[in-house]
Amino acid sequence: MARKALVLRSKKEPKFSTRTNNRCLLCGRPKGYLRRFSLCRICFRELAWRGEIPGVKKASW
């Protein structure tokens, strides 16, 4: 779980646009972030497995 202070700080508008931090919308994790879905890999995998992300399904071949 991400530190609450860092999550709150990343939600604030930064002084300069290059200082933005990408964090997961659900858990606040800064690493393993997927821009297309605004989620970390762990939350993405959970939601995809449950079928809660439209257009995403588990690959099998």
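In helix α2, four residues are buried: Cys43, Phe44, Leu47 and Ala48. Seen down the axis of α2, these buried residues fall within an arc of 130°, so they line one face of the helix. The general principle is that an α-helix has 3.6 residues a turn, so residues three or four places apart point the same way. On the other side of α2, Arg45 and Trp49 are exposed. I should state at once that this is a predicted model.

What do the buried residues of α2 pack against? They pack against two strands, β1, at residues 33–34, and β2.

This brings me to the core. The largest nonpolar core has 8 residues, namely Cys24, Leu39, Cys40, Cys43, Phe44, Leu47, Ala48 and Ile53. Two elements give two or more residues to this core: β2, which covers 39–40, and α2, which covers 41–50. The largest share comes from α2, with 4 residues. As a general remark, nonpolar side chains tend to be buried together in soluble globular proteins.

Please locate Leu39, one of the core residues. Leaving aside its neighbours within four places in sequence, Leu39 is in contact with Cys24, Leu26, Gly32, Tyr33, Leu34, Phe44, Leu47 and Ile53.

I turn next to the cysteines. How many disulfides does the structure hold? The number is 0. Cys27 is in no disulfide, and the nearest cysteine sulfur, that of Cys40, is 3.6 Å away. With a relative accessibility of 21%, Cys27 counts as partly exposed. Why does Cys43 form no bond with the closest cysteine sulfur? That sulfur belongs to Cys40 and is 3.6 Å from the sulfur of Cys43, which is too far for a bond. The cut-off that matters here is 2.5 Å between the two sulfur atoms. Cys43, at 13% relative accessibility, counts as buried, because the limit for that term is under 20%.

Let us now consider charged side chains. The structure holds 2 salt bridges. In one of them, Arg50 pairs with Glu46, and the closest N and O atoms are 3.4 Å apart. How far apart are Arg50 and Glu46 along helix α2? They are 4 residues apart, and therefore separated by about one helical turn. Arg50 also meets the side chain of Glu52 in a salt bridge, at 3.4 Å from N to O. Glu46, Arg50 and Glu52 are thus linked in a network of salt bridges. Are these residues buried, exposed or partly exposed? Arg50 counts as partly exposed, at 48% relative accessibility. Glu46 counts as partly exposed at 39%, and Glu52 counts as partly exposed at 48%.

At the end of the helix, please note the glycine. α2 is followed by Gly51, whose phi is positive, near 80°.

Finally, I would direct your attention to a proline elsewhere in the chain. Where is Pro14 found? Pro14 lies in the loop between α1, residues 4–11, and β1. At 23% relative accessibility, Pro14 counts as partly exposed. When neighbours within four places in sequence are left aside, Pro14 is in contact with Arg19 and Thr20. Measured against Ile42, Pro14 is 28 residues away in sequence and 27 Å away in space, from C-alpha to C-alpha.

To conclude, I return to α2, which gives the largest share of the core, 4 residues, and has Arg45 and Trp49 exposed on its other side.

Definitions and conventions: Residues numbered from 1 in each chain as written. Predicted model: local features only at pLDDT ≥ 70, side-chain atom pairs only at ≥ 80, totals over all residues. Heavy atoms only, no water. Core = buried A, V, L, I, M, F, W, Y, C linked by side-chain atoms within 4.5 Å. Buried < 20%, exposed > 50% of the residue type's maximum accessible area, 1.4 Å probe, protein only. Contact = heavy atoms within 4.5 Å. Salt bridge = Lys/Arg side-chain N within 4 Å of Asp/Glu carboxyl O. Arc of directions from axis to C-beta.
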